[in-house]
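The following paragraphs walk through the side-chain contacts of one model, beginning with charged pairs and ending with aromatic rings.

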Amino acid sequence: MFYTAAHGNLTFRAQRYLNEMPENERQAFMDHAEEELEVRVGHAVSRELTERQLRDFEEIDEGGQAVAWLKINVPNFREIVRDVVQGFKNELIDERAQILG
């Protein structure tokens with residue numbers, strides 16, 4: 001995961017909002033939320049890329065190379081991540097009662 005700081009912030013806040021959920025359910029929910037966040041960030045970033053850039057990025061292993069590549073090819077990557085994470089946090093807050101069921 002190449003947006004660790006934003007993810008860590010989301011994890012901390014989500015766990016705080018969902019602390020009434022049993023631990024095993026909360027962990028399963030957080031695993032699902034992490035996957036969903038990765039998908040959303042990926043979709044948002046892919047809208048910024050050309051077809052060639054998408055192919056180039058798919059060939060890069062996650063980690064330092066991916067981060068360096070994103071800094072060059074998606075200069076607003078941090079803003080994209082921030083916006084996606086904020087939107088997701090807002091959804092969690094808005095749907096907290098439904099999530100806790």
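In this predicted model, there are four salt bridges. Side chains of opposite charge can pair when their charged atoms come close. Three of these contacts are taken up below.

Start with Glu36, which forms a salt bridge with Arg40. The closest N and O atoms of Glu36 and Arg40 are 2.7 Å apart. Both residues belong to helix H2, which covers residues 23-46. Because Glu36 and Arg40 are four residues apart in that helix, about one helical turn separates them. How accessible are the two residues? Glu36 has a relative accessibility of 26%, so it counts as partly exposed. Arg40 has a relative accessibility of 25% and therefore also counts as partly exposed.

Arg40 has a further partner. Its side chain meets that of Glu91 in a salt bridge, with 2.7 Å from N to O. This pair links distant parts of the chain, since Arg40 lies in helix H2 and Glu91 in helix H5, which spans residues 77-94. Arg40 and Glu91 are 51 residues apart. Glu91 is partly exposed, because its relative accessibility is 31%. Which residues do the shared partners bring together? Glu36, Arg40 and Glu91 are joined into one network by salt bridges that share partners.

Another salt bridge is formed by the side chains of Arg82 and Asp83, where the distance from N to O is 3.4 Å. That distance falls within the 4 Å allowed for a salt bridge, so the pair is counted. Asp83 has a relative accessible area of 49% and is partly exposed; the class of exposed residues begins over 50%.

The next topic is aromatic rings. A pair of aromatic rings is described by the distance of the centres and the angle of the planes. The structure holds one aromatic pair. It consists of Phe57 and Trp69, whose ring centres are 5.1 Å apart. Their planes stand at 40 degrees, so the pair is tilted. The reason is that planes under 30 degrees apart would count as stacked and those over 60 as edge-to-face.

This aromatic pair also links distant parts of the chain. Phe57 is in helix H3, residues 51-58, and Trp69 is in helix H4, residues 64-73. Phe57 and Trp69 are twelve residues apart. Is Trp69 buried or exposed? Trp69 has a relative accessible area of 13%, so it is buried.

Note on methods:
Residues are numbered from 1 along each chain as its sequence is written. This is a predicted model: local features need pLDDT of at least 70, side-chain atom pairs count only at pLDDT 80 or more; totals for chains, interfaces and linings use all residues. Side-chain values use heavy atoms; hydrogens and water are left out. Helices (H or I, at least four residues) and strands (E, at least two) are DSSP runs, numbered from the N terminus. Buried means under 20% relative accessible area, exposed over 50%, partly exposed in between (1.4 Å probe, protein chains only). Rings of Phe, Tyr and Trp (its six-membered ring) pair if their centres lie within 6.5 Å; planes under 30 degrees apart count as stacked, over 60 as edge-to-face and the rest as tilted.
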